[in-house]
Amino acid sequence: MQQFQHYIDGAFAEGARQFESLDPANGQPWARMPEASVADVDRAVAAADAAFLAPDWAGMTATARGKLLYRLADLIAEHAGRLAEFETRDTGKIIRETSAQIAYVADFYRYYAGLADKIEGAHLPIDKPDMEVWLRREPIGVVAAIVPWNSQLFLSAVKIGPALAAGCTVVLKASEDGPAPMLEFARIFDQAGFPKGVLNVITGGPEVGARLSSHPKVAHVAFTGGPETARHILRNSAENLASTSLELGGKSPFIVFEDADLDSAANAQVSGIFAATGQSCVAGSRLVVQASVKEAFLARLKAKAEAVVIGPPDAMDTEVGPLCTAGQRDAITDLTNRAIVQGARCVTGGAPLEGPGYYFPPTILDCSDARAADSLVEEFFGPVLSVVSFETEAEAIAIANDTRYGLASGLFTQNLTRAHRMIRAIRAGIVWVNTYRAVSPIAPFGGHGLSGHGREGGLQAALDYTKIKSVWLRTSDEPIPDPFVMR
Ligand code: NAD
């Protein structure tokens, strides 16, 4: 079995404790992972804290930080094939997607490399003649980055990239499910030439995450995961009063009007719910379709769902691979069964596949006559689409917004004025119009409600890793006047 290592203070180690990682395609152990102890977490944070203050990082110009990030991006591009193979092997995410996504991850680092020396302070036109006042934008400190199993290289890039661009240091906790790509990433990072301790990569479960997010030396927690864990993160951050950014789940509406290009919308819906085996926070998991085209649209979707190639994640023609864990497969099975008991009609799929591996087929549940079904409310995080129909635009808006989440949404219509009305009315952090599941380092990404707070991607994300220092400089040589009056 392959042995992976932690990366703490610029050194690799197997750690005192280890656990086996299972291959989701067959359920067999394939690698041994280091499991961080509380002492390992403390060492990693201490290393990040020391690196934050050390002159070789704290004194480095922003331009030089950017150059290191460019070098990291080039190394990621150079080793993208290997990173993709590890992500596919350890998480079950299909090689078609991991190869494409990791090549694009390099561009996320390039975006933040370019941004490093464009994070500017400001000069204030202060209302006192003998004062110069300006604002310095300084790095916020040690960042705890915590990611879930799906798309770890991507979800960590939108944390590590802006954090390092801003001058912070990072302790990244990979998910205990499928950590191989992040531990391999650490090897690549190590070649880029950053000072030791600037990035530390560990893995482990809730105990490790809890220690990391509550650590007194952590200034910011950048978290991606589920809402229940986010509540723990907020409670943990009551210890250190760290700021938080929370990228959580979704139950995103995918709205199809009768005037939409149904073929194009059906392709987007397949991408929105079956790609990545539905393990996507932005999954368009609630199809909200106009009643007049519901049957025509469902017929297209059913045909596409049943034609999907299910297979081993490392085969280039596979379109839907296994879920990451047996627990995830079982949770999806339970929620599907509950929906059917609650009155949902199973259009296709509906039960896990027999045989080894954690496979669940593309599934469509028509909940038009089961509007109270849990499947319209709860996130599956799997390839299960819940369908509900509407008659009027107002009804479409009401259904779309009838969720405690607010991450993504899709809107399919050829009617320009309607599109604008809907864009305004939909409560979500992203509205995709006549497209779905498009991302870019340039565009902010995030939600509200149970989908969390803060934005990743774009300029604002880099600013969120800074804090403002106000500097007051008195220009007068005269003695300070009346010391008992505030200036
Ligand atoms: P999860 O919340 O169970 O775990 C996420 C991470 O938190 C893991 O690394 C885990 O070890 C860690 N963790 C667990 N307990 C902790 C604790 N008490 N303190 C600190 N850390 C702790 O999520 P998951 O089930 O692995 O991933 C699926 C969830 O992630 C879904 O809800 C999905 O929608 C969400 N997600 C969101 C986005 C986004 O950008 N909005 C992207 C991908 C996934």
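Let's start with the ligand: the space it takes is the largest pocket. A pocket here is an open set of points on a 1 Å grid over the protein atoms alone, with protein on both sides within 12 Å along at least five of seven lines, and a molecule sits in it if more than half of its atoms lie within 2 Å of its grid points. This is a predicted model, where local features need pLDDT of at least 70 and side-chain atom pairs count only at pLDDT 80 or more, while totals for chains, interfaces and linings use all residues. Residues are numbered from 1 along each chain as its sequence is written, and side-chain values use heavy atoms, with hydrogens and water left out.

Now look around the ligand. Its shell holds 30 residues, each with a heavy atom within 4 Å; Val-147, Glu-176, Thr-229, Leu-248 and Glu-379 are the closest. Domain 1 (2-248 + 447-471) and domain 2 (253-433) both contribute to this shell, so the ligand lies between them; the bounds come from an automatic or database domain assignment.

Next, find the polar contacts (pairs of N or O atoms within 3.5 Å). In the side chain of Glu-379, an N or O atom is 2.6 Å from an oxygen atom of the ligand. A polar backbone atom of Gly-226 is 2.8 Å from a ligand oxygen.

Definitions and conventions
Polar contact = N/O pair within 3.5 Å; in protein donor to acceptor, adjacent residues only side chain to side chain. 1 Å grid on protein atoms, 1.4 Å probe; cavity = no way out; pocket = protein on both sides within 12 Å on 5 of 7 lines; lining within 4 Å.
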